[in-house]
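Colleague: I have the file open and would like to go through it with you piece by piece. Could you start with the sheet and then work outwards?

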Amino acid sequence: MHAAAAVVLWCAMGLIAYAYLFYPMLLWLAYAGVQVGRDWRYLAGRRNRRISAPPQLPGLSLVIAAYNEARYLPAKLANLRQLDYPASHLQVIFVSDGSDDATAEILRQAEGIELVALPQRGGKAQALNAGVQRARHPLLVFTDAATLLAPDALQCLARHFADARVGAVCGALEFQSTAESHRTEGRFWRYESLLRLMEARLGISLTASGALYALRRECWRPLGARTLLDDFLIPMRACAAGFAIRYDPEAQAVDFAAASVEGEFLRRVRRAAGSCRAMAALWRMLMPAPTRWAFISHKLLRWIAPFCLPVLLAANAILALAPGGAAGYRVLLAVQLAFYALALVGMRRRPPHPAPRLARIAYYVLAMNAAFVVGLVQVLAGRDQRVWRRPEEATQGTL
């Protein structure tokens, strides 16, 4: 038992460490090597490396799925009017997914908007399918109703499609956050954005943010009704078809972070359920070897890591409490217990005694890993999550 526990402990700890520490380090080394090579070629040839907008901007259909977004639409419509893209080349399609507030009415009164009003709510996948059916341009851009785009975001996305090898382009997302989310989700998102940037430089981009990404029309395939991770599945389909996926950090969008860890937890549960449903299909997809490495390291191992945490704790306890156990195992057990104790302290967030920053971060890390387990349980239980509710709705008991 002692030997088996030691093997389990080191395997679990190694997997977690690789997914969150060693993979980013390897990625950085590869990224640095590629960047040095590009800089050397630039110094030798002095050729402009920047991608510039083509002389003739391509036609673009902007597809926005909306459910009960009346509170966000005034800002969204004002933002669309500020976009620096020729109106003759831009089609804006809103799909109201069975909204029962003033969403459809607001959109009917808006100028330059095409509205697809679905009578019943069927989920985002169904709404996107309906929107793409209405699209008439060769490029599709997907964004959310609450997301605000930089004026030049569409031009930044469109310029990449001058290269016929490019099938999808992912934009960069920033969050307007509360003090709470800035200390937790904000820190994680900066780490995640750095990984995405390095993967993009290596040509192994995996996923987009649903807040902003573009797709070549020929790469589109209708989504299944139970699809949850459209921003992951759609670019991966383009990759499997032999097209390149790019990430443009200059194509910027702003979204609103969940106000609390609890709200972010609900979003992660939904994404976890989508990951579990899509896992088999994603694994079967044809990918170049470097992209497969990124998929395993950045996605698959992160999906496994939540199950390693209790295994690591149990194996560590067996080794630390065994007669004659090594002191190192006792130290490691103390570190793990301290982490879980911090997470419990971090659950307290209300004044006048808010939790310390380190405790909130520990709580966030534990909650996000727990979210994947909850998502898997919901999938195994057959719970249908194809419809999306904002965190503030769910925490009011409407999930």
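Modeller: Keeping in mind that this is a predicted model, the open sheet has eight strands in the order β3-β2-β1-β4-β7-β6-β8-β5, and the pairing in it is mixed.

Colleague: Which strands stand at the edges?

Modeller: Those are β3 (114–118) and β5 (148–149), and because each has a single partner strand, one side of each is left without a neighbour in the sheet.

Colleague: And what does β1 pair with, and in which sense?

Modeller: β1 pairs in the parallel sense with β2 over seven bridges, and it also pairs in the parallel sense with β4, residues 139–144, over six bridges. If you want positions to click on, Val 63 has Ile 93 of β2 as its bridge partner, while Leu 60 has Leu 139 of β4.

Colleague: How many residues of β2 are buried?

Modeller: Eight of the eight residues of β2, which runs over 90–97, are buried, so the strand is largely enclosed by the rest of the structure. Both of its faces are covered, with Leu 90, Val 92, Phe 94 and Ser 96 buried on one side and Gln 91, Ile 93, Val 95 and Asp 97 buried on the other.

Colleague: What about the loop after β1, where is Asn 68 and what is its phi?

Modeller: Asn 68 is in the loop between β1 (60–66) and α2 (73–81), and its phi is near 50 degrees, a positive value in a residue other than glycine. As for Tyr 67, Arg 121 lies over the face of that ring, at 3.4 Å from the ring centre.

Colleague: Changing topic to the helices, how much of α8 is covered?

Modeller: α8 is mostly covered, with 10 of its 11 residues buried. Among the buried ones are Asp 230, Asp 231 and Arg 237, as well as Phe 232, Leu 233 and Ile 234. Just after the helix, Gly 242 takes a positive phi of about 100 degrees.

Colleague: And the loop leading into α8, is Glu 218 buried or exposed there?

Modeller: Glu 218, which is in the loop between β7 (212–216) and α8, counts as exposed because its relative accessible area is 60%, over the 50% cut-off. Its C-alpha atom is separated by 9.0 Å from that of Ala 238, 20 residues apart along the chain.

Colleague: You mentioned Phe 232, so what sits around that ring?

Modeller: Lys 299 lies over the face of Phe 232, at 5.2 Å from the ring centre. On the aromatic side, the count for the model comes to 10 pairs, and one of them is Phe 232 with Phe 295, a tilted pair with 6.4 Å centre to centre and 35 degrees between the planes. That pair links distant parts of the chain, since Phe 232 is in α8 (residues 230–240) and Phe 295 is in α10 (residues 289–321), 63 residues apart.

Colleague: Why do those two Phe residues count as buried?

Modeller: Phe 232 counts as buried because its relative accessible area is 3%, and Phe 295 because its value is 0%, where the cut-off is under 20%.

Colleague: Which other rings are linked to that pair?

Modeller: Ring pairs link Phe 232, Phe 295, Trp 303, Phe 307 and Phe 372 into a cluster. Within it, Trp 303 and Phe 372 form a stacked pair, with 6.4 Å centre to centre and 15 degrees between the planes. This pair also links distant parts of the chain, with Trp 303 in α10 and Phe 372 in α12 (residues 357–380), 69 residues apart, and both residues are buried.

Colleague: Last topic, cavities: how many turn up, and what volume does the largest have?

Modeller: A search of the whole structure finds one cavity of 30 Å³ or more, and the volume of the largest is about 60 Å³. Of the 10 residues lining it, the closest to its centre are Arg 196, Ser 205, Leu 206, Thr 207 and Tyr 247.

Colleague: Which elements give two or more residues to that lining, and how do the residues divide by character?

Modeller: The elements are β6 (166–176) and α7 (185–201), and the lining residues divide into four nonpolar, four polar and two charged.

How values were computed: Residues numbered from 1 in each chain as written. Predicted model: local features only at pLDDT ≥ 70, side-chain atom pairs only at ≥ 80, totals over all residues. Heavy atoms only, no water. 1 Å grid on protein atoms, 1.4 Å probe; cavity = no way out; pocket = protein on both sides within 12 Å on 5 of 7 lines; lining within 4 Å. Points joined across faces, edges and corners; volume = space filled by probe spheres on them. Helix = DSSP H or I, 4+ residues; strand = E, 2+ residues; numbered from the N terminus. Nonpolar A, V, L, I, M, F, W, Y, C, P; charged D, E, K, R; others polar. Phe/Tyr/Trp six-rings, centres within 6.5 Å; stacked < 30°, edge-to-face > 60°. Buried < 20%, exposed > 50% of the residue type's maximum accessible area, 1.4 Å probe, protein only. Lys NZ or Arg CZ within 6 Å of the ring centre and 35° of its normal. Pairing = 2+ DSSP bridges.
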